[in-house]
Amino acid sequence: MRIALCSYSQKEKETALLMKLGKVDRFDNGVFCTYAMQRDGPYDAVVVMEDGARGMNFCMSIRGYSRDVPLLWISDQAEFEPQSRRMQADTFLVKPVTEYQLREAVSRLLQGKRGSNESERSLHEKEKHHAREGLAADS
């Protein structure tokens, strides 16, 4: 499982917990996360751990690239919950979030979307393969 953690701060405790569920890549910028998805294929889940407008910007970057990647947004401001629905975040949690809540939310995302992301990843791999063949044929 590949999980992207989007946050401006380190989040050591949350990163360690997410690492029990899969490989975690941390990004302090939504653009870097979308670039990684373009380069390496979609993540099995993206977890945004940023409050308010910063979190919304992360979500907008992710959704601008993919409507299919499972997205969890964790914020300290409950009033952003309507924006999370508008941006099609799969889950929105309000801090403080317990270890159990985080683990369960991510597990549900991984279970609910696993099939669609696997097919999306294999499609991405095929596209990369065809692009390499095309470049080789042009040489």
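Let me start with one residue, Lys95, which counts as partly exposed at 27% relative accessibility. Please keep in mind throughout that this is a predicted model. Lys95 has a partner: its side chain meets that of Asp51 in a salt bridge, 3.0 Å from N to O. Where do Lys95 and Asp51 lie? Lys95 is in the loop between β5, residues 91-94, and α5, residues 99-138, while Asp51 is in the loop between β3 and α3, so the pair ties together parts that are 44 residues apart in sequence. Asp51, like its partner, is partly exposed, in its case at 23% relative accessibility.

I will come back to the salt bridges. For now, the overall plan.

The protein chain has 139 residues, and buried ones make up 42% of them. Its secondary structure comes to five helices and five strands. Reading from the N terminus, the elements run β-α-β-α-β-α-β-α-β-α. Now take the contacts in the chain that have a separation of 6 or more: 59% of them are between residues 24 or more positions apart.

Next, the sheet. In what order do the five strands stand? The order across this open sheet is β2-β1-β3-β4-β5, and the pairing is parallel. The edges are β2 and β5; each has a single partner strand, so one side of each has no neighbour in the sheet. From one strand to the next, the twist averages 20 degrees. To look at one pairing in detail, β1 and β2 are joined in the parallel sense over five bridges. One residue to find there is Ala4, whose bridge partner in β2 is Asp25.

Now to helix α3, which covers residues 52-65. With 14 residues, α3 reaches 21 Å from its first C-alpha to its last, close to the 20 Å expected at 1.5 Å a residue. Which residues of α3 are buried? They are Gly52, Gly55, Met56, Phe58, Cys59, Ile62 and Arg63. Looking down the axis of α3, we find these buried residues within an arc of 160 degrees, so they line one face of the helix.

What does that buried set pack against? Among the strands, the partners are β1 (2-6), β2 (23-27), β3 (45-49) and β4 (71-75). There are helices on the list as well, namely α2 (30-40) and α4 (81-86). As for direction, α3 lies across β1, β2, β3 and β4, and it runs at about 170 degrees to β4.

Helix α1, residues 12-19, can be read in a similar way. Its buried residues are Thr15, Leu17 and Leu18. Down the axis of α1 they fall within an arc of 165 degrees, so here too the buried residues line one face of the helix. On the face turned away from the buried side, α1 carries the exposed residues Glu12, Lys13 and Met19.

Back to the charged pairs. How many salt bridges does a search of the whole structure find? The search finds five. As a general remark, side chains of opposite charge can pair when their charged atoms come close. Besides the pair I opened with, I will mention two.

One of them joins Arg85 and Glu81, with the closest N and O atoms 2.8 Å apart. Both residues sit in helix α4, and being four residues apart they are separated by about one helical turn. Is each of them exposed or partly exposed? Arg85 is exposed, with a relative accessible area of 53%, whereas Glu81 is partly exposed at 29%.

The other joins Asp40 and Arg39, where the closest N and O atoms are 2.9 Å apart. Asp40 counts as partly exposed, at 29% relative accessibility. Arg39 is partly exposed too, with a relative accessible area of 40%.

One last residue, Val94, takes us back to strand β5, where it has its place. Val94 is partly exposed, its relative accessible area being 36%. Leaving aside residues up to four places away in sequence, Val94 touches Ser75, Asp76 and Ala78. How far is Val94 from Glu81, in sequence and in space? They are 13 residues apart in sequence and 8.6 Å apart in space, C-alpha to C-alpha.

That is the end of my part.

Technical notes. Residues are numbered from 1 along each chain as its sequence is written. This is a predicted model: local features need pLDDT of at least 70, side-chain atom pairs count only at pLDDT 80 or more; totals for chains, interfaces and linings use all residues. Side-chain values use heavy atoms; hydrogens and water are left out. Helices (H or I, at least four residues) and strands (E, at least two) are DSSP runs, numbered from the N terminus. The expected span of a helix is 1.5 Å times one less than its number of residues. Buried means under 20% relative accessible area, exposed over 50%, partly exposed in between (1.4 Å probe, protein chains only). The arc is that of the directions from the helix axis to the C-beta atoms. Contact means heavy atoms within 4.5 Å. A salt bridge is a side-chain nitrogen of Lys or Arg within 4 Å of a carboxyl oxygen of Asp or Glu. Two strands pair if DSSP finds at least two bridges between them. Axes are lines fitted to C-alpha atoms, for helices over the stretch in contact, and angles run from 0 to 180 degrees between N-to-C directions.
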